[in-house]
Amino acid sequence: MEEKISERARNIPFSSIREVFDKAAKLEKEGVDIVHMEIGRPDFDTPQHIKEAAITALKDGQVHYTANTGILELRKEIANKLKNDNHITVDPENGVVVTVGCKEAVLDVILAYVNEGDEVIIPDPGWLEYQYIVKIAGGVPVPVTLKEEEDFLMSPADIEAKITSKTKLLLINSPHNPTGSVLSKSHLEKIADIAIRHNLIVVSDEIYEKLIYDDAEHISIASLPNMSEHTIVINGFSKAYSMDGWRLGYVAGEATLINPIKKMHQYNTSSATSFAQYGGVAAYKDDQKAVCEMVKSFDDRRKLIISRLKEMPGVDCVGPKGAFYVFPSFKTLNYSSKELAVLLLEEAQIACVPGSAFGDGGEGYIRLAYSTSYENIEKAMDRLELFLREKTKYNY
Ligand code: PLP
């Protein structure tokens, strides 16, 4: 049967982070107290008013397929949100497709635009799904290495150097997983200039837009002059509204850009879950108090983790401005990121993700998600400090 498996499936590995997850689960079964910092999702419950909207929809019999592109009420809320928050104008009738999470949105966009051999520029390190989804579509992921000394911002010069006649899409993600970097307006303007000069489509994954700190500001590249005809925006509800299990996201842009994506979505999932979409309406329509509270809590944890990491000799850490990840470097230790992640689990009982799981550019780093309680972060940092004291020659 092995020989019957498609090349497509054969060429894609299971995620390399599974090894750490499986080991953590085994240790936990044995009664070991693990601090989980590997999970890329909020630790909060979905706000009550959003749950209630979905429950009401269920009670009202909203249990059937919806329009392929999603219920119009939600598409209208998405268009309003894009206008008010991001200064982007989209037509709710033709410019929005509600998807089963951002992940489906990325898959639909790539399938709609990438032919065999087409190149897609992606950040490295970056959300690991990008490269595999491009490969599933027969495309070639072209990584642009994000450098620590440039605060992990995707360098416009490095992007331009990777453009060939086969480049079709440029994928950007700000705020960024796994580094927490946020692209500034001037940076985005330079990327926009490249996209316009080379006639590229920018796919802008903005899932972490609400999780932003200090003086950082989220700007959608689609709002820059002449960029609406070059940009497909991807966003969703998983992170800002703690709705990752609801599986709700969307793509938005000019109707001509969105039209082919509709076909991929139609043959893929038909429509997002009916009652979840009503929850999405409540998330966008009602006040944003719950989001503000979650962001405040993430920010407190972010400050704690940065200050603790910065005190640890042998660790370098660019202060993240967005999302809920830190991406410290442990390059002074003589371990690969994978070895280090296993050691941290076994000897310090901290579950984290090796940076190399996000691409070659992540080697030497570890991703720690601070989407866990303040107390857990304190506990993890105490353990990490002890671990480093044993592993390094430094005196604390
Ligand atoms: N995009 C990025 C950059 C992510 O990190 C994630 C999830 O971790 C997603 C998209 C997936 O979002 P969703 O839960 O909406 O599928």
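Ala, Val, Leu, Ile, Met, Phe, Trp, Tyr, Cys and Pro are counted here as nonpolar, Asp, Glu, Lys and Arg as charged, and the others, Gly among them, as polar. The model is predicted, local features need pLDDT of at least 70, side-chain atom pairs count only at pLDDT 80 or more, and totals for chains, interfaces and linings use all residues. Residues are numbered from 1 along each chain as its sequence is written, and side-chain values use heavy atoms, with hydrogens and water left out.

**Exercise 1.** Describe the lining of the second largest pocket by residue class.

*Solution.* A pocket is an open set of points, on a 1 Å grid over the protein atoms alone, with protein on both sides within 12 Å along at least five of seven lines, whereas a cavity is a set where a 1.4 Å probe fits but cannot get out; lining residues have an atom within 4 Å of a point. The second largest pocket holds about 270 Å³, where a volume is the space filled by probe spheres set on grid points joined across faces, edges and corners. Its lining has 18 residues, with Leu153, Ser181, Val182, Ala216 and Lys321 nearest the centre. By class, this lining divides into 8 nonpolar, 5 polar and 5 charged.

**Exercise 2.** State how the lining of the largest cavity divides by class, and name its residues.

*Solution.* The largest cavity has a volume of about 60 Å³. Pro123, Leu146, Phe152, Leu153, Met154, Asn173, Ser174, His176, Ser181 and Leu183 form its lining, which divides into 6 nonpolar, 4 polar and no charged residues.

**Exercise 3.** Decide whether helix α10 is largely enclosed or not, and find what covers it.

*Solution.* Helices are DSSP runs (H or I, at least four residues), as strands are (E, at least two), numbered from the N terminus. Helix α10 covers residues 274-285. Buried means under 20% relative accessible area, exposed over 50% and partly exposed in between (1.4 Å probe, protein chains only). Because 10 of the 12 residues of α10 are buried, the helix is largely enclosed by the rest of the structure. The cover of those buried residues includes α3, α4, β2, β7 and β8.

**Exercise 4.** Place His187 and list its contacts beyond four places in sequence.

*Solution.* His187 lies in helix α8 (residues 185-197), and it counts as buried because its relative accessibility is 15%. Contact means heavy atoms within 4.5 Å. Leaving aside neighbours within four places in sequence, His187 is in contact with Leu153, Met154, Ser155 and Pro156.

Notes: The expected span of a helix is 1.5 Å times one less than its number of residues.
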